[in-house]
Amino acid sequence: MSSPHILTAGSKVSTIMLLVLVALLPAIAAYYFFFGPAILISLTLASATALATEAMMLKLRSYPVKFFLADGSAILTGWLLALSIPPLAPWWLIVVGTAFAIIVAKHLYGGLGNNLFNPAMAGFAVLMISFPAIMTHWPTPLMLAQHPVGLAEALRYYFSGALQGVNLDAVTMATPLDTLKTQLSLQHTVGEVKHMPIYGSFGGKGGEVVAAMYLLGGLFLLQQRIITWHTPVSFLVTLALVAAVFNGINPTHYASPMFHLFTGGAMLGAFFIATDYVTAPTTPKGKLIFGTGVGILEYVIRVFGGYPDGVAFSILIMNAAVPLIDAYTQPRVFGHNT
Amino acid sequence: MRTLQKFHGGVHPPQHKAESNCLPILAAPLPKRVIVPLRQHLGTPAKVHVKIGDHVLKGQMIGIANGYISAAVHAPTSGTVSAIDLHAIPHPSGLPDLCIRIEADGEDRWIEHQAVDYKTADPDTVRAVLRDAGIVGLGGAAFPTYVKLNPGQQGKIRTLVLNGAECEPWITSDDVLMRERAAEIVEGIKIMAHLMQPEKVLIGIEDNKPEAIAAMQAVCRSVNLEQAANFEVVPVPTLYPGGGEKQLIKVLTGKEVPSGQRPLNIGVVCANVATAYTVHRAINHGEPVISRIVTVTGNVQRPQNFEVLIGTPLGEIIQLAGGAAADTSHYLIGGPMMGFDLTNLDAPLTKATNCIIAASPALFPPKPAAMPCIRCGQCAQACPADLQPQELFWFSQSKNFDKACAYNLFDCIECGCCDYVCPSHIPLVSYFRFAKSEIAMQNCEKAAAEQAREHFEFKKQREEREKQEKAARMAEKAAAAAAAKAAATANGEAEDPAIAAKKAAIQAAVERTKAKKAEAAAAASTNTTEPS
């Protein structure tokens, strides 16, 4: 054997993936608390689909199935997708999205470590484009719900497509970001809209707590040195700065920076998706450029684009630029240009 | 307090120093036989200076320094030369090398030797003594020290750095040497400082060696007081590879040795503390390098440091530490980060061998199977050269060597930090070594092809020239023949001799022009094919 003869104890790909999954738990708990148990069904279906499609693709590509299945990367993809789409939806929605993520976005691009686009976000984009109507039905926060959907009821909806006594519209609604956009187009001001019951102190009621939990999980990943500060900080700071500029110019038409930070997928995207190793730059400068790009695109798509949120598309667009960013941001090597 | 700089990256592997640094240095008993390799240093191997059957004395030169970058080797004990042949040596390649075998006579009788007064002697003389005493860098690379201690054309040496960092885990040979023989190390440093006349002398020791730091500080303090010297012991943070020459210089002076250059280029000379000790023995006692301190540790009964004669079979040295435990799987030479597998226990101790580690599956678990690179960038964060190992891996794996060079593959010092942190357990350094050797081979082939092309061009030129010469000769012949013919006609027949002569002259002129034209054409073609 050649040197070195020792490795960092316990450093494994599967450990990294496991820690990221753990970091998602507070947000999942908050999600469960504010929006009901449907998210658990969604996560379970996503995990099962991810593992099944991963196993199938590994087998087809003649890779050792057990060895790679244990790395945990497939489950993480499933979870990130499940957390990005409405939890109360027909079963096939998450299945189709996850299957696309694993089969096309991951394995057809060469599998773990080789994919250009973030698989979860590619899955999200496919669902958003193919099934836009379902993708806008988000569960009403429990404190506002007339008919809280329990686990049994959610399960029934997942597999039969119907709820008992009510239709889907009664238990779901548009997201706070979506609502703001619609209301603004109806000539309401931000101030008026924010008085609607679905809004909390910064963002959406319940949703802002989930966002705070993503932030907490992200800080845990920073502390564990799983991620570096560059991407999340540049992403969130840029988003806040752009929001502050527009908000400063016209506060009646543009929401505050805090609102933008704590609604939609900003926190999830900043700490868990834009930091995906495989599809993000590896150089510190590259990460800053990447985060800044995602932050700007995120605001532009959110506020001026046709979709209620822009995390997935802004990350996918920046993913395409990663090889270029890395090539142009190589750090100075020791002993060069001294 | 000196403000220290930082180098990028680095790792904190478990140190395992306490196993071997608690006991004092133990002198090893005289071996029955020593095997002295002629290549114990960087550069040309020493030239054999004895014959089989010769009786040699302890300290007698048995191999002469051969060329500029070379060093002498000496008989570690008195005895008879029994063989000069290939023998296993501790080397990563596992290949045998030329060694001189000496059967010890047990008397251990010294050759006549004497000290040199380095203060009055000519510096070149002192350097020659060092070369002939076989002094080489004992930190691992074994670069001939006398070459290093020559400021040459570079002019002023600003800083002399003494490397007592010993950043590799498990190894403690420099640690115990500094604890026990600080005064002698400092004597050696004084000689080095005398040769170099640096503005300052910095002795860098990692702060996990408080005893060594204290011992060195105590000696330096009194030397500074007595002799108005300014030797400064600088504790440096324990961070692997802080003992790397370029890293230590950066930490102590804030300066980076430019890529592809030597410390001398920035007015710094760096030497190991153990080397300073041998410099002292050579100059102040006339003793060449015939022994060294070696750490025997790991899966042995009594880990300890031993002072052992060069040439002692490594298997015997392991026995000094009580032998290896039953579950020992293999042995490492050097530390676990940059050391290599010992393939043959008969291989002898060399000047560069600072540590022998008995490895067991418990101490050194086998590496798990490699996963694909997930571009986590931990390797880039750990790299002390600030390289991007994940990119270099990609280029090395795909044999995209131009790209690997463009990403500064050759600035890799093979410290192993990237491997150490890789969560995918990719043997990155092995990939980089592979790429480096492939590139070196390609460059050799390129040079050979270039030479072959030049040969071909010269051959073509020569053939062309010969053709022209032949044409010129033919033209002359024809002219002469025509002239003779004309003369004959004039004599024999009634042709006007004037006309005949004219004809011959015209014929000769035509031939000359033809020859000239051919020459010009040949010259033109030669010009275009001249090697660039």
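A residue counts as buried when its relative accessible area is under 20%. Keep that cut-off in mind for the close-ups below, which show a predicted model.

**Figure 1. Helix α7 of chain B is mostly covered.** Of the 13 residues in α7(B), 11 are buried. They are B:Val273, B:Ala274, B:Thr275, B:Ala276, B:Tyr277, B:Thr278, B:Val279, B:His280, B:Arg281, B:Ala282 and B:Ile283. You can also check the length of this helix, which covers residues 273-285: at 1.5 Å a residue it should span 18 Å, and its end C-alpha atoms are indeed 18 Å apart. Now look at the two ends. The N-terminal end is capped by B:Asn272, which has a side-chain oxygen 2.8 Å from the backbone nitrogen of B:Ala274. Just after the helix, B:Gly286 takes a positive phi of about 75 degrees.

**Figure 2. A six-stranded open sheet in chain B has mixed pairing.** Strands of a sheet pair through backbone hydrogen bonds, either parallel or antiparallel. Here the strand order is β1-β14-β13-β17-β15-β16. Which strands stand at the edges? They are β1 (26-27) and β16 (340-342), and each has a single partner strand, so one side of each is left without a neighbour in the sheet. Further in, β15 (residues 330-333) runs antiparallel to β17 (residues 355-359), and 4 bridges join the two. One residue pair to find in this view is B:Ile333 with its bridge partner B:Ile356 in β17(B).

**Figure 3. Strand β13 of chain B is largely enclosed by the rest of the structure.** That description fits because 7 of the 8 residues of β13(B) are buried. Follow the chain from β13(B) to β14(B) and you trace a hairpin, with 5 residues between the strands. These two strands run antiparallel and are joined by 6 bridges; B:Val294, for example, has B:Phe306 in β14(B) as its bridge partner. With β17(B), by contrast, β13(B) runs parallel, and 4 bridges join them. There, B:Thr297 stands opposite B:Ile357 in β17(B). A helix also comes into view: α3 (residues 173-180) lies across β13 (291-298) and β14 (304-309) of chain B, running at about 125 degrees to β13(B).

**Figure 4. A three-stranded open sheet in chain B has antiparallel pairing.** The strand order is β3-β5-β6. At the edges stand β3 (47-48) and β6 (73-74), each with a single partner strand, so one side of each lacks a neighbour in the sheet. Strand β5 (residues 61-64) pairs with β6(B) over 2 bridges. To find this pairing, look for B:Gly63, whose bridge partner in β6(B) is B:Val73.

**Figure 5. Strand β2 of chain B runs antiparallel to β8(B).** Is β2(B) largely enclosed or left open? Because 4 of the 5 residues of this strand (residues 33-37) are buried, it is largely enclosed by the rest of the structure. Its link to β8 (residues 97-104) is made by 5 bridges. In one of the residue pairs, B:Ile35 has B:Arg101 of β8(B) as its bridge partner.

**Figure 6. Helix α6 of chain A is mostly covered.** In this helix, 9 of the 12 residues are buried, among them A:Met121, A:Phe124, A:Leu127 and A:Met128. What do the buried residues pack against? They pack against α4 (73-82), α5 (91-106), α14 (266-273) and α16 (311-328) of chain A. At the start of α6(A), a side-chain oxygen of A:Asn118 reaches to within 3.0 Å of the backbone nitrogen of A:Ala120. The length check works here too: the 12 residues (119-130) should span 16 Å at 1.5 Å a residue, which agrees with end C-alpha atoms that are 16 Å apart.

**Figure 7. Two buried residues come from different settings: A:Thr175 sits in a loop, and B:Ala435 sits in a helix.** The loop of A:Thr175 lies between β2 (172-173) and α9 (176-185) of chain A. With a relative accessibility of 18%, A:Thr175 counts as buried. Not counting residues up to four places away in sequence, A:Thr175 touches A:Trp138 and A:Pro308. The helix of B:Ala435 is α13 (residues 428-492) of chain B, and B:Ala435 is buried with a relative accessible area of 0%. Leaving aside neighbours within four places in sequence, B:Ala435 is in contact with B:Ser396, B:Phe401 and B:Leu409.

Conventions:
Residues numbered from 1 in each chain as written. Chains lettered and ligands numbered in written order. Predicted model: local features only at pLDDT ≥ 70, side-chain atom pairs only at ≥ 80, totals over all residues. Heavy atoms only, no water. Pairing = 2+ DSSP bridges. Contact = heavy atoms within 4.5 Å. Axes fitted to C-alpha atoms, helices over the stretch in contact; angles between N-to-C directions. Expected span 1.5 Å × (residues − 1). Buried < 20%, exposed > 50% of the residue type's maximum accessible area, 1.4 Å probe, protein only. Polar contact = N/O pair within 3.5 Å; in protein donor to acceptor, adjacent residues only side chain to side chain.
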